[in-house]
Amino acid sequence: MEEIKKYTLLVDREIYEKFKYIAEKAMRSGNKEMEVVIEHYIKQYEARNGELKTETEAEAAAETEAEAAAEAEAEAAAEAETAAETETETETKTGEEEEREDEGKEER
């Protein structure tokens, strides 16, 4: 569930009464109307200045980046391990081939 923040707003009585009238005409509570007004203001601001990131969004993005980096590191380690195993197998085969060649020379 989304966390709801409480915010106390002190406002001139005349502004409050006009705002309350607008909210009632829109069939909204004062709180819901204020949320709509704030969202509208944020959209206008972002249109002029670019998208804003909240702390929660920034933390989530950083966590995602960290997870991606960890996955890339794990993949690189797995590839390095596979390459090392392949190299070891190749060295073993080369050593065995040399032994066979040496045995063949000794037999001659």
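The lining of the largest pocket draws at least two residues from each of α1 (13-25), α2 (30-49) and α3 (55-107); helices here are DSSP runs of H or I, at least four residues long, numbered from the N terminus. The model is predicted, so local features need pLDDT of at least 70 and side-chain atom pairs pLDDT 80 or more, while totals for chains, interfaces and linings use all residues. Residues are numbered from 1 along each chain, and side-chain values use heavy atoms, without hydrogens or water.

**Largest pocket**
- The largest pocket (an open set of 1 Å grid points where a 1.4 Å probe fits, with protein on both sides within 12 Å along at least five of seven lines) holds about 1500 Å³ of space, taken as the volume filled by probe spheres on the points.
- Its lining (residues with an atom within 4 Å of a point) numbers 29 residues, with Lys 5, Tyr 7, Met 34, Glu 35 and Ile 38 closest to the centre.
- α2 gives the largest share of this lining, 10 residues.

**Packing of α1 and α2**
- The axes of α1 and α2, fitted to C-alpha atoms over the stretch in contact, come within 9 Å and cross at roughly 95°.
- The two helices are therefore roughly perpendicular (65 to 115 degrees).
- In this contact (heavy atoms within 4.5 Å), Phe 19, Lys 20, Ile 22 and Ala 23 of α1 meet Gly 30, Glu 33, Met 34 and Val 37 of α2.

**End of α2**
- Gly 50, just after α2, has a positive phi of about 95°.

Terms used:
Axes fitted to C-alpha atoms, helices over the stretch in contact; angles between N-to-C directions. Parallel < 35°, antiparallel > 145°, perpendicular 65-115°, else oblique.
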